[in-house]
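This briefing concerns charged side-chain pairs and the packing of helices. It is intended to be read alongside the sequence and the coordinates.

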Amino acid sequence: MSPNYGNRFGSLTGQQILDPSFIRRIEDNLEKYHLDGSRLRIEITERTGMDDFAEVRKVMERLAEKGVHF
């Protein structure tokens, strides 16, 4: 069972989400600290970088598989 650290919220831009290391860092930290992805909520705050929504959506779907909410 994951420790209960409460929910975590983060606001990111589309550009940050498309950073090639973003998914890896999130997944690595969830695993390293034995965190439940369902406690993480990410808000995309800007349309900057959202020109490639198909790619942003792929990232969102991959993280949603880990329980992350948007």
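The points below treat the salt bridges and one helix-helix contact in turn.

The model is predicted. It holds three salt bridges. One of them, between R62 and E27, joins helix α3 to helix α2, and these two helices are also in contact through a set of residues that includes both partners.

**The salt bridge between helices**

- R62 and E27 form a salt bridge in which the closest N and O atoms are 2.9 Å apart.
- R62 belongs to helix α3 (residues 53-64) and E27 to helix α2 (residues 22-32), so the pair ties together parts that are 35 residues apart in sequence.
- E27 has a relative accessibility of 16% and counts as buried, because the cut-off for that class is under 20%.
- R62, at 40% relative accessibility, counts as partly exposed.

**Salt bridges within helix α3**

- E55 pairs with K58 in a salt bridge whose closest N and O atoms lie 3.1 Å apart.
- Both E55 and K58 are in helix α3, with a spacing of three residues, or about one turn of the helix.
- E55 is partly exposed, its relative accessible area being 32%.
- R57 and E61 meet through their side chains in a salt bridge, with an N to O distance of 2.9 Å.
- R57 and E61 are four residues apart in helix α3, so about one helical turn separates them.
- Both partners of this pair are partly exposed: E61 has a relative accessible area of 41%, and R57 has a relative accessibility of 48%.

**Packing of α2 against α3**

- The axes of α2 and α3 come within 11 Å and cross at roughly 10 degrees.
- Angles under 35 degrees count as roughly parallel, and α2 and α3 are therefore roughly parallel to each other.
- On the α2 side, the contact is made by F22, I23, I26 and E27.
- On the α3 side, V59, R62 and L63 take part.
- By class, the contact comprises five nonpolar residues, two charged residues and no polar residues.
- E27 and R62, which are among the residues of this contact, are the partners of the salt bridge with a closest N to O separation of 2.9 Å.

How values were computed. Residues numbered from 1 in each chain as written. Predicted model: local features only at pLDDT ≥ 70, side-chain atom pairs only at ≥ 80, totals over all residues. Heavy atoms only, no water. Salt bridge = Lys/Arg side-chain N within 4 Å of Asp/Glu carboxyl O. Buried < 20%, exposed > 50% of the residue type's maximum accessible area, 1.4 Å probe, protein only. Axes fitted to C-alpha atoms, helices over the stretch in contact; angles between N-to-C directions. Parallel < 35°, antiparallel > 145°, perpendicular 65-115°, else oblique. Contact = heavy atoms within 4.5 Å. Nonpolar A, V, L, I, M, F, W, Y, C, P; charged D, E, K, R; others polar.
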